[in-house]
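Biologist: I'd like a close look at one small part of this model, please, and then at how that part connects to the rest. Pick a spot with an odd backbone and take your time.

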Number of protein chains: 2
Amino acid sequence: MNIGLDMMGGDYAPLEAVNGISLFLAEGHQNVTLTLIGDAGVVKDLLIAHVIPLDNIVLVHASQVIEMHDHPTKALREKKDSSIAIGFQLLGTGKIDAFISAGNTGAMMVGALFSIKAIDGVSRPTIGAYIPRENGTLGLLVDAGINADCKPENLNQFATLGSLYAEHILGYKNPKVGLINVGEEEGKGNLLMQAAYALLKENQHINFIGNIEGRDIVLDKADVMVCDGFTGNVVLKMAESIYDLTKRRGVTDEHFDRFNFERYGGVPVLGVSKPVIIGHGISKDLAFKNMISSAQLMLEKDLLQKMKDVFVQKS
Amino acid sequence: MNIGLDMMGGDYAPLEAVNGISLFLAEGHQNVTLTLIGDAGVVKDLLIAHVIPLDNIVLVHASQVIEMHDHPTKALREKKDSSIAIGFQLLGTGKIDAFISAGNTGAMMVGALFSIKAIDGVSRPTIGAYIPRENGTLGLLVDAGINADCKPENLNQFATLGSLYAEHILGYKNPKVGLINVGEEEGKGNLLMQAAYALLKENQHINFIGNIEGRDIVLDKADVMVCDGFTGNVVLKMAESIYDLTKRRGVTDEHFDRFNFERYGGVPVLGVSKPVIIGHGISKDLAFKNMISSAQLMLEKDLLQKMKDVFVQKS
């Protein structure tokens with residue numbers, strides 16, 4: 001397998017990307033080729049300086065960089081020789097099997113949605129986010145902020161996609177899927193959630209446990225927490241602020257430290273036909289390493305085929 | 001002024017209600033009559049046992065209680081001699097000027113919305129919730145969960161009502177009103193928030209500071225945080241769970257202790273024509289005392305007339 005990595009994306013690129021590669025390769029992984037996209041001269045010097053063997057590494061030069069403040073659509077159109085544009089071009093033509101970047105999130109989403117096709121039957125791809133839970137595990141929140149306005153069927157598809165990711169990548173057997181709502185009973189909620197509940201209840205591909213409430217998000221009540229992207233964004237940013245708050249208050253606690261979202265590396269775009277992982281701008285070595293490992297696992301488990309199989313059945 | 005108090009509502013009623021009355025009366029307040037509605041025999045014995053002077057107290061006997069698990073509409077219809085039903089009857093006929101209960105929240109909302117008229121021009125009354133902020137003050141979240149589906153104009157009215165409450169009751173001069181959204185820039189968000197932004201920007205009765213994000217909720221960025229009741233409910237319950245989490249983790253911190261929502265006594269129903277305050281079921285003495293003080297302040301400041309003046313201008 002050949003995993004493509006944007007070496008120019010993120011606040012600490014390319015150095016922390018190189019450190020992440022070093023961590024990843026230290027584990028072995030002879031069957032993985034890494035295609036590193038960016039300023040080839042700079043990247044090569046860094047690889048050599050870090051004594052990283054070049055056997056399974058392919059360098060692809062990109063003369064441009066999409067900056068964090070660039071307008072996503074405009075940048076992708078105008079910076080055709082940027083690492084992100086090249087990455088999606090390589091992914092689209094099958095020269096790489098997965099693409100990872102901690103760069104401009106908007107450009108990554110636009111690239112994922114428009115350069116790579118959605119899985120047949122998926123009307124809206126989504127993005128997940130990890131939520132640390134008190135029992136030490138991670139829950140998956142979908143949608144974490146891409147689709148601000150959703151239809152009930154979108155939420156039903158997020159549930160299926162999130163459940164497959166949770167099962168095969170996070171390792172939950174028969175993951176519990178909960179719908180974020182304002183009360184536990186069926187019939188609660190706004191019109192969207194009432195209609196979504198009815199669909200989730202009939203969805204044969206998931207283990208639907210019913211509604212979960214705001215207070216259940218940081219508990220292990222559900223492994224996959226389904227909501228529209230508006231709610232997901234507010235929930236995620238509020239969870240992130242808990243960490244900031246504990247740090248400012250001088251609270252040291254192992255569990256609250258897990259609210260440091262820098263640790264989790266990146267979240268998958270779910271529902272597009274190839275693995276795309278978008279990292280936090282502040283990703284450091286461990287985050288880059290985790291993103292490469294996630295992409296590897298998605299390919300090893302053939303997650304995309306599993307998703308396609310489900311949606312073929314349904315359509 | 002005459003403030004009515006449901007003595008039977010809440011997990012610790014009537015004892016903690018009596019303790020709250022004791023705390024309130026210890027501050028003076030000769031101009032306040034308290035009308036206590038409940039089992040008159042039991043309440044009178046408790047008042048005497050707590051050496052509470054009966055000069056400014058009126059006891060109104062209620063032979064029934066709406067329990068926490070009772071169906072709100074059904075209970076109000078069937079238990080006509082319950083403390084909540086009598087309270088709204090007294091409020092509706094002007095025998096009391098404000099009504100407070102820590103009892104069945106649903107029955108209190110139904111009573112407030114259907115026994116007491118909405119202010120002319122207010123299409124949907126709302127309920128606020130206090131959010132503790134890092135600088136030690138309280139922010140006001142509206143809607144905190146009553147109106148799961150909202151129109152942009154509802155949010156605009158919540159903003160006006162919340163702003164008046166924040167100014168006159170919480171004491172914020174020219175309170176900052178923020179719209180809870182997924183990004184700071186105008187144009188961000190779902191269709192509801194995009195349309196609401198346009199209305200809030202033109203609202204002459206508020207100091208609109210623009211969008212705020214999930215991470216800003218526990219900061220002092222906005223004094224009044226406006227959202228639909230679905231989002232508000234999820235946010236509020238998530239904030240409540242932070243306190244539970246800190247307690248379970250053994251974190252002791254003055255600020256996180258302020259996430260203990262039991263402390264705040266009760267939240268006002270905003271947009272109905274008379275002061276109605278709904279307390280948490282677990283309200284204790286300080287909570288009851290704070291609710292009485294809030295009602296007193298709402299009456300002293302003639303908050304309802306101020307609200308009516310604004311909506312008369314607008315319609």
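Modeller: Let's start at H29(A), which sits in the loop between α1 and β2 of chain A. Keep in mind that this is a predicted model. The odd thing about H29(A) is its backbone: phi is positive, about 65°, although the residue is not a glycine. Most residues other than glycine have a negative phi. Is H29(A) buried or exposed? Something in between: H29(A) has 16 other C-beta atoms within 10 Å, so it counts as partly exposed.

There's a second spot like that in the chain. V51(A) also isn't a glycine, and its phi is positive at about 50°. You'll find V51(A) in the loop between α2 and β3 (57-61) of chain A. With 7 other C-beta atoms within 10 Å, V51(A) is exposed, because the cut-off for that word is 12 or fewer.

Now step back from H29(A) into α1, the helix on one side of its loop. Helix α1 of chain A runs over residues 15-25, and its buried residues are E16(A), A17(A), V18(A), G20(A), I21(A) and F24(A). What do the buried residues of α1(A) pack against? The list is β1 (2-6), β2 (33-38), α2 (40-49) and α10 of chain A. Notice that β2, on the other side of the H29(A) loop, is one of those partners.

Follow α10 next, since it leads to the wider layout. Chain A is divided into domain 1 (1-120 + 271-302) and domain 2 (123-263). The C-alpha centres of these two domains lie 26 Å apart. Where they touch, 17 residues of domain 1 of chain A are in contact with twelve residues of domain 2 of chain A. On the domain 1 side, α5 (105-114) and α10 (285-300) of chain A each supply at least two residues. The largest share of that side, five residues, comes from α10(A). By class, the domain 1 side has eleven nonpolar residues, four polar ones and two charged ones.

Another helix worth a visit is α7 of chain A, residues 191-202. At 1.5 Å a residue, its twelve residues should span 16 Å, and the end C-alpha atoms are 18 Å apart, so the two values agree. Its buried residues are L192(A), M193(A), A196(A), Y197(A) and L200(A). They are on the same side of α7(A), because they cover an arc of only 130° around the axis. The face turned away from that buried side carries the exposed residues L191(A) and E202(A). Among the elements covering the buried residues of α7(A) are α6 (152-168), β7 (176-180) and β8 (207-212) of chain A.

That α6 brings up another backbone oddity. D143(A) is in the loop between β6 (138-142) and α6 of chain A, and the peptide bond from V142(A) to D143(A) is cis, with omega near 0°. Most peptide bonds are trans. Chain B has a cis bond as well, joining A13(B) and P14(B) with omega of about -5°. P14(B) is in the loop between β1 (2-6) and α1 (15-25) of chain B.

So how do the two chains meet? 31 residues of chain A are in contact with 31 residues of chain B. The largest share of the chain A side, twelve residues, comes from α8(A). That side has 15 nonpolar, eight polar and eight charged residues.

To see the meeting from chain B, look at I180(B), which is in strand β7 (residues 176-180) of chain B. I180(B) has 26 other C-beta atoms within 10 Å, and 20 or more is the cut-off, so it is buried. Beyond its sequence neighbours, I180(B) is in contact with V234(A), and with I212(B), M225(B), V226(B), C227(B) and T231(B). I180(B) and C227(B) are 47 residues apart in sequence, but their C-alpha atoms are 5.7 Å apart in space.

Finally, zoom out. Chain A comes to eleven helices and eleven strands. Its radius of gyration is 19 Å, close to the 20 Å the globule rule gives for 315 residues, so chain A is as compact as a globular protein of that length. Buried residues make up 55% of those 315 residues.

Note on methods. Residues numbered from 1 in each chain as written. Chains lettered and ligands numbered in written order. Predicted model: local features only at pLDDT ≥ 70, side-chain atom pairs only at ≥ 80, totals over all residues. Domains from an automatic or database assignment. Contact = placed C-beta atoms within 7 Å. Helix = DSSP H or I, 4+ residues; strand = E, 2+ residues; numbered from the N terminus. Nonpolar A, V, L, I, M, F, W, Y, C, P; charged D, E, K, R; others polar. Expected span 1.5 Å × (residues − 1). Arc of directions from axis to C-beta. Rg over C-alpha atoms; globule rule 2.2 N^0.38 Å. Lists of a residue's contacts leave out its neighbours within four places in sequence.
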